[in-house]
Amino acid sequence: MVRISPSVLSADFAYLADDIAAVKEAGADWLHVDIMDGVYVPNQSMGAPVVKAMRRVNDLFFDVHLMCAKPSWLIELYAKSGADLITIHVETESDKTEEILKDIRAKGCKAGLALDPDTPIEEVLKYLPLLDLVLVMTVKSGLGGQKFRPELLSKVEAVYEEAKRQGRNDLIIQVDGGINPETIALASAAGADCFVAGSAVFDKDDYKLAISSMRAAAEQNARA
Ligand code: DX5
Ligand code: ZN
């Protein structure tokens, strides 16, 4: 099943409620919420109060991507603020990854684990039984609007193959960074089924067209 998750990072923060209502209306499956702490990544975005406010006015599935050096203390906060899925980075608090992933599920959310371009895929694969989603970053995390790096597709293939080997047909394989109608086809062919897109949705005038053309490209190229 193809899921398109527009990234709020590229939305108009001055008209956030309107902009996220518009992507829902345009056919978004999920809403990708990028949380940047200015420590793990050299950028800041928004915090839990904004997620809570968005939750009040929108019932999309909130896919919260924590780019934060200390995610352990944030799980309860974001779960309470309305996250449906929380993804942490394997590079952060790596001695506590198992504990944090268990905590995410215990708080009633789906659990995701992300990895940045320089991190080997094996770091993530060892946690597969604890995961609902693996997020393969296709750019270095921290900034919207970067160029997709096709050399990272081999990681998507590795996750797909390992999930298949373990009989994990339910595992969601997400890609994030530089996704557009051309690159989504490559990521889908490699085995991804959940696609984050910031600028390729919010920078367009017609959100519906942006989402439907990406969905069509992903479906046409989906890995068998
Ligand atoms: C980057 C964020 C992405 C970003 C994607 O660190 O995790 O979610 O918003 O933006 P685009 O689709 O413009 O590359
Ligand atoms: Zn993201």
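Okay, let's start with a term: a salt bridge is a side-chain nitrogen of Lys or Arg within 4 Å of a carboxyl oxygen of Asp or Glu. Keep that in mind, and keep in mind too that what you have in front of you is a predicted model.

Here's a pair to look up. The side chains of lysine 80 and glutamate 76 form a salt bridge, at 3.1 Å from N to O. Where do lysine 80 and glutamate 76 sit? They're both in helix α3, which covers residues 75-81, and they are 4 residues apart, so about one helical turn separates them. Lysine 80 is exposed, with 63% relative accessible area, while glutamate 76 is partly exposed at 40%.

By that rule, the count for this model is 14 salt bridges. I'll show you two others.

Next up is arginine 215. Its partner is aspartate 29, and the closest N and O atoms of this salt bridge are 3.0 Å apart. Which parts of the chain does this pair tie together? Arginine 215 is in helix α9, residues 207-221, and aspartate 29 is in the loop between α1 (16-25) and β2 (30-36), so the bridge links parts that lie 186 residues apart in sequence.

Now, is arginine 215 buried or exposed? Buried means under 20% relative accessible area, and arginine 215 comes in at 19%, so it counts as buried. Aspartate 29, with 22%, is partly exposed.

Then there's lysine 107 with aspartate 103. That's a salt bridge as well, and its closest N and O atoms are 2.5 Å apart. Lysine 107 is partly exposed at 35% relative accessibility, and aspartate 103 is partly exposed too, at 23%.

Okay, on to the cysteines. How many disulfides does a search of the whole structure find? The result is 0. For cysteine 68, the nearest cysteine sulfur belongs to cysteine 109, and that's 15 Å away. A disulfide needs the two sulfur atoms within 2.5 Å, so at 15 Å cysteine 68 is in no disulfide. As for its surroundings, cysteine 68 is buried, at 3% relative accessibility.

Cysteine 194 is in no disulfide either: its nearest cysteine sulfur is also that of cysteine 109, at 15 Å. Cysteine 194 is buried as well, with a relative accessible area of 0%.

If you want one thing to find in the structure afterwards, try the bridge from arginine 215 in α9 over to aspartate 29 in the loop between α1 and β2. That's it from me, thanks!

Conventions. Residues numbered from 1 in each chain as written. Chains lettered and ligands numbered in written order. Predicted model: local features only at pLDDT ≥ 70, side-chain atom pairs only at ≥ 80, totals over all residues. Heavy atoms only, no water. Helix = DSSP H or I, 4+ residues; strand = E, 2+ residues; numbered from the N terminus. Buried < 20%, exposed > 50% of the residue type's maximum accessible area, 1.4 Å probe, protein only.
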